[in-house]
Amino acid sequence: MDLSVSFCKARMRNPTVLASGFLGVNVEMLKRVVREGAGAVTFKSIGPKVKEGHRNPTVLAYEWGVINAVGLPSPGYKDMGGELARVREVGAPAFVSIYGASVEEFREVAEAVARHKPAAIELNVSCPNTKAEGMVFGCSELLAAEVVAAVKDVSGRVPVMPKLTAQALDIARVARACEEAGADAVAAINTVGPGMLINIEARKPVLGYKRGGISGPAIRPVAVRCVYDIYEAVDIPILGIGGVTEGRDAIELMQAGATAVGIGSGIYYRGIGVFKKVCEEMKIWMKQNGCKDVKKLVGAAHE
Amino acid sequence: MSDMPVSNKVRKIVEENREVRTIFLEENVPGAIPGQFVMVWLPGMDEKPYALSYMDGEAAITVQRRGKFTDRIFKLRKGDYIGVRGPYGNGFDVDICKRPCIIAGGIGIAPLAPLAEKLAKKKPIIIMGASTRDKLIFVDRMRKVCKVEPTTDDGSCGRKCFASDILEGVIRKCKADVVYGCGPEPMLKRVFEICRKRRIECQLSLERYMHCGFGVCGSCAIDGYRVCVDGPVFSSEQLSKMTEFGRFARLKYGNKVGLYEYYSWRE
């Protein structure tokens, strides 16, 4: 049973990827996630300078999913330099997520990050929980393409992958615009929303930022639809993300068109060992369904 | 599954001293064991982790006044709502010891007091350290279940020294096989080293800035460990693998700094 895939020239032993925003604060934690079975990992979004993020509560789980507004806390790329310099030690392809409040900031961060030669730079143009750095870029074909082009200018051989949002009017068109601007892959989707939950006794929104992005099982159908639409519009590979907790969910996203599959909230539902569990379940499914190579599943739902 | 702050009313407030209060909750936190913690939400303000200082039908947290958040906790009155979610973390392993020794630095006594009660049959000995006599809390509570060895920085109660200064002698005298500890990390680092030297097991409860409490965000990372899920209680073996224990911690925005810079930021 072959689970290996190639994504943006990076060889992965299986298609599971630690999604950005989860656990990726240091090299030691990423090594742990690789030991737990992930085929690739992502450093938590890094910005141009120190950013504190929002007040707690920042991450909660309601009945159907996870809701968060952490607010992109980051020490800034200069302070992360020490960790990024050790990117090779992670033991699997490591992507680095970056954000900025302007095209220039994206370029500045990307230039510094690219020097460390990560497996890819993920552009967070889709965070629903911040004002300036948020999904404004990912909602617009023009702005998303502009960010991609600016980053491609300074990223050298490091592949560039914008992470898109389902809040765009037509996510497939945004993906297409990014491809035309030189993107090597796209990731989809970021959290959905923002949403809000109110504690009715306190009569107050629960999250410190009040609004937060929704992830987990609640958004899986949105992710599947977005990946499906993007697959029909572009030729570059897709990192499919959204609500994967089981092997079947990963296979579903791959059949929609994803070459690799991000897992984040799945850690909440099944523990840090979720990567291994998902891979085992994929193998069982493949065996039962006469599939020897996971690569054959990519886009299968389109035929 | 869901992990939302659940509204819980303040049932009773006990003033332990001028700076420390125990807040008893109307609703219990079912299934909690000593060493586990809850996330406490003050609506519209912030949310922070607190060890449970009482359990088994009467959940409580014990809070030291420090900054804006604890100022607000000190304004709580009986009947006020707060949000509570948990219990979180692993808790202390009570099955591994025959002769337990417990060491508490300052407010670190909070998770250790219910532990001492749970271990009562094994006749634990507890070293309780604080800066002065009036800052030692739960002394009478501990005297009911174990032998108490107090230490104070100024000598106003018990020996005039740090708690960890008398640990080695106490281990030798009572032939302790496991040391349970909670308190300032420089103290815990010393406890760890003493236990390593004497080749006995330790179970130490650590603290880091925390967001989710359920192991997904990474804000409380110590190397590859998550304090909220893999801890907060760590074994000798785990502690020996950590490069950051006793040396580094991360601020709210993920910046890795020296422990003293971290502590001054927390103040």
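Which domains does the domain assignment give for chain B? In this predicted model, the assignment yields two entries, domain 1 (6–88) and domain 2 (100–266). Their C-alpha centres sit 20 Å apart, and the contact between them takes 17 residues from domain 1 of chain B and 17 residues from domain 2 of chain B. On the domain 1 side, the elements that put in two or more residues are strands S1 (6–17), S3 (37–42), S4 (46–54), S5 (60–64) and S6 (81–88) of chain B. S4(B) gives the largest share, with five residues. Sorted by class, that side of domain 1 comes out as ten nonpolar, six polar and one charged.

Taken as a whole, chain B holds seven helices and 17 strands. Its radius of gyration is 17 Å, close to the 18 Å that the globule rule gives for 267 residues, so chain B is as compact as a globular protein of that length. Along the principal axes, the C-alpha atoms of chain B fill a box of roughly 50 × 40 × 35 Å. Half the chain is tucked away, with 50% of the 267 residues of chain B counting as buried. As for contacts in chain B with a separation of 6 or more, 59% of them involve residues 24 or more positions apart.

Turning to how the chains meet, 40 residues of chain A are in contact with 29 residues of chain B. On the chain A side, helix H1 (27–35), strand S5 (59–62) and helix H8 (266–270) each supply at least two residues. That side of chain A is a mix of 20 nonpolar, nine polar and eleven charged residues.

Then there is the nonpolar interior. In soluble globular proteins, nonpolar side chains tend to be buried together. Here, the largest nonpolar core has 194 residues, and A:Val186 and A:Val227 have the most contacts inside it. Helix H6 (residues 220–233) of chain A brings the largest share of this core, seven residues. The core also draws at least three residues from each of domain 1 (6–88) and domain 2 (100–266) of chain B.

H6(A) itself has 14 residues and reaches 20 Å from its first C-alpha to its last, close to the 20 Å expected at 1.5 Å a residue. Its buried residues are A:Ala223, A:Val224, A:Cys226, A:Val227, A:Tyr228, A:Ile230 and A:Tyr231. What covers them includes helix H5 (171–180), strand S10 (186–188), strand S15 (238–241) and helix H7 (247–256) of chain A. Neighbours within four places in sequence aside, A:Val227 is in contact with A:Ala188, A:Ile238, A:Gly240, A:Leu253, A:Ala256, A:Gly257 and A:Ala258.

A few backbone details round things off. In chain A, a cis peptide bond joins A:Gly193 and A:Pro194, with omega about 5°; A:Pro194 is found in strand S11 (residues 192–196). In chain B, the peptide bond from B:Gly231 to B:Pro232 is cis, with omega near 10°, and B:Pro232 lies in the loop between strand S14 (225–226) and strand S15 (233–235).

Positive phi values turn up at two lysines of chain A. For A:Lys9, phi is near 70°, and this residue is found in the loop between strand S1 (5–7) and strand S2 (10–12). A:Lys9 counts as exposed because it has 12 C-beta neighbours inside 10 Å. Phi of A:Lys210 is near 70°, in the loop between strand S13 (204–205) and strand S14 (211–215) of chain A. With 16 other C-beta atoms within 10 Å, A:Lys210 is partly exposed.

How values were computed
Residues are numbered from 1 along each chain as its sequence is written. Chains are lettered from A and ligands numbered from 1 in the order in which they are written. This is a predicted model: local features need pLDDT of at least 70, side-chain atom pairs count only at pLDDT 80 or more; totals for chains, interfaces and linings use all residues. A nonpolar core is a set of buried Ala, Val, Leu, Ile, Met, Phe, Trp, Tyr and Cys residues joined through C-beta atoms within 7 Å. A residue is buried if 20 or more other C-beta atoms lie within 10 Å of its own, exposed if 12 or fewer, and partly exposed in between; C-beta atoms are placed from the backbone. Helices (H or I, at least four residues) and strands (E, at least two) are DSSP runs, numbered from the N terminus. Domain bounds come from an automatic or database domain assignment. Two residues are in contact if their C-beta atoms, placed from the backbone, lie within 7 Å. Ala, Val, Leu, Ile, Met, Phe, Trp, Tyr, Cys and Pro count as nonpolar, Asp, Glu, Lys and Arg as charged, and the others, Gly among them, as polar. The radius of gyration is taken over C-alpha atoms; the globule rule is 2.2 Å times the number of residues to the power 0.38. The expected span of a helix is 1.5 Å times one less than its number of residues.
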